[in-house]
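Thanks for coming. I have one structure to go through today, and I will put the sequence and the model up first.

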Amino acid sequence: MLKFLTKIMGSITVLIKKNLLILLFLAFFISTLSAKKDNYLKSTHLTGNTLTLTFKYKLDKVKFFTFKHKGIIKYVYDIKNAVLPNTQSIKKYKYVGVSAFRMGQFSKNYLRVVIESKYNNYKTYAVHGNLLVFNLPKVKKSKHSVPKKRRVKKNKKQLPTVIIDAGHGGYDIGASSGKIIEKKITLSLAQKLQKELSHRGYRTKMTRDNDKHLHLYERTDYANAKKGNIFISLHMNAAPRRKHRNYIYKGIEIFYMTGASRKKRYSNRKIYTSQWKKRKSYLLAKKIKSKMLSSVRKKYIVLDKGLKENNFWVLRGTKMPAILIENGYITDKYEGKRLTTSRYQNLLVKGIADGVDAYFNRK
Ligand SMILES: [Zn+2]
């Protein structure tokens, strides 16, 4: 009997223990259930191509489906037991390739997120605890995509203007050596440079596009009126009649303004010699010389005559950073001949354009 009683008592305690476990489990289940009922959306973030929703608790189930309407794919996410407070919204987000972000309390138990896009997206979302992460479609950069078109339009507004000044012209022929005449080469170089720079997307203005004479102040007046961002004057060098013994008369040299002299060449015109302009002019000269040399040196041996300060009028009468390029010596037997060829002029022009790109950080 005693044996039987203890047996019964034993099974009762086991029963109670079992029930207790079940009860405990039930209590836990109910508590988690009720917690999930108030799984509020706490915050939203859009960074790169991911949109992240942060909830108060670990997420329950997410039902996902898509449908197409008028060429637009609607990516629909129904998040179970999630609650949308009226302080949260994803309408504000802008993402290239997504035409709309929407979110709403679809039913008592479901929060619905809809992302509209015309792009296919294979990897759409992932759940990490209380985070729901959407992978937004990566838009392929094609000629016809919307974002690129927009970018080009924006760039057009901000395009820098390059003033190209072909040295000399008309009765002022510049330097000459036999049949080689400076004004002709500067015009040819200027026309090539104009073509190349506009091809690269710059706005260009030429002080002269034919064989006409211009005063120096007319060149700077024009540059200032056209609101150029930089000014490039093109010239050819020539050895003086009386040559210095230890000086080599060939190679490329570039001048930028010196602030030393305040004396004006034209009394009725302003000079512009700020430190900012000097610094920028030096930078422009440096970038262009380096690119010019690396361009021409692909085919020829060309001397680097360096960067020099000078108070040439075109360098001081311009509001914008300005340089004067001596592209080479027409008096040198080899360099002179070379300067008249299209092949060498193209190399010079490519170098100058590369330098302009480098100055504007476009390369
Ligand atoms: Zn000249």
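I will start with the overall make-up, then take the cores, one helix, one sheet and a few single residues.

What you see is a predicted model. The protein chain has 8 helices and 17 strands. Of its 363 residues, 30% are buried. If we take contacts between residues at least 6 apart in sequence, 71% of them join residues at least 24 apart.

Now the cores. As background, nonpolar side chains in soluble globular proteins tend to be buried together. The largest nonpolar core here has 48 residues, and I232, I323 and I352 have the most contacts inside it. Two or more residues each come from β10 (161–166), α3 (182–199), β14, β15, α5, α6 (313–316), β17 and α8. The biggest giver is α8, with 8 residues. What does I352 touch, leaving aside its neighbours within four places in sequence? The contacts of I352 are L193, I232, I288 and M292. There is also a second, separate core, of 18 residues, and among them are L53, F55, I115 and L132.

Next, helix α5, which covers residues 275–296. This helix has 22 residues, and from first C-alpha to last it reaches 31 Å, close to the 32 Å expected at 1.5 Å a residue. Its buried residues include L284, A285, I288, M292 and V296, and also several lysines in the list: K277, K287, K289 and K291. Bear in mind that an α-helix has 3.6 residues a turn, so residues three or four places apart point the same way. Which elements do the buried residues of α5 pack against? There are four strands and a helix on that list: β14 (230–237), β15 (252–257), β16 (304–310), β17 (322–329) and α8 (342–359).

On to a sheet. Five strands make an open sheet with mixed pairing, in the order β5-β1-β2-β9-β8. Why do β5 and β8 count as the edges? Each of them has a single partner strand, so one side of each is left without a neighbour in the sheet. For β8, residues 125–128, the strand alongside is β9, residues 131–135; the two run antiparallel and are joined by 4 bridges. One pair to look at is A126, whose bridge partner in β9 is V133.

Staying with that part of the chain, look at V62, which sits in strand β3, residues 62–69. Leaving aside neighbours within four places in sequence, V62 is in contact with Y77, I79, Y125, V127 and L132. The C-alpha atoms of V62 and L111 are separated by 9.5 Å, with their positions 49 residues apart along the chain. Is V62 buried or partly exposed? V62 is partly exposed, because it has 17 other C-beta atoms within 10 Å, and the cut-off for buried is 20 or more.

Last, two backbone angles. Most residues other than glycine have a negative phi. K70, in the loop between β3 and β4 (72–80), has a positive phi, near 50°. N81 is not a glycine either, and its phi is positive at about 60°; N81 lies in the loop between β4 and β5 (82–83). How do the two compare in surroundings? K70 counts as exposed, with 5 C-beta neighbours inside 10 Å. N81 is partly exposed, with 19 other C-beta atoms within 10 Å.

That is everything I have for today.

Definitions and conventions. Residues numbered from 1 in each chain as written. Predicted model: local features only at pLDDT ≥ 70, side-chain atom pairs only at ≥ 80, totals over all residues. Buried ≥ 20, exposed ≤ 12 C-beta atoms within 10 Å, placed from the backbone. Contact = placed C-beta atoms within 7 Å. Expected span 1.5 Å × (residues − 1). Core = buried A, V, L, I, M, F, W, Y, C linked by C-beta atoms within 7 Å. Pairing = 2+ DSSP bridges.
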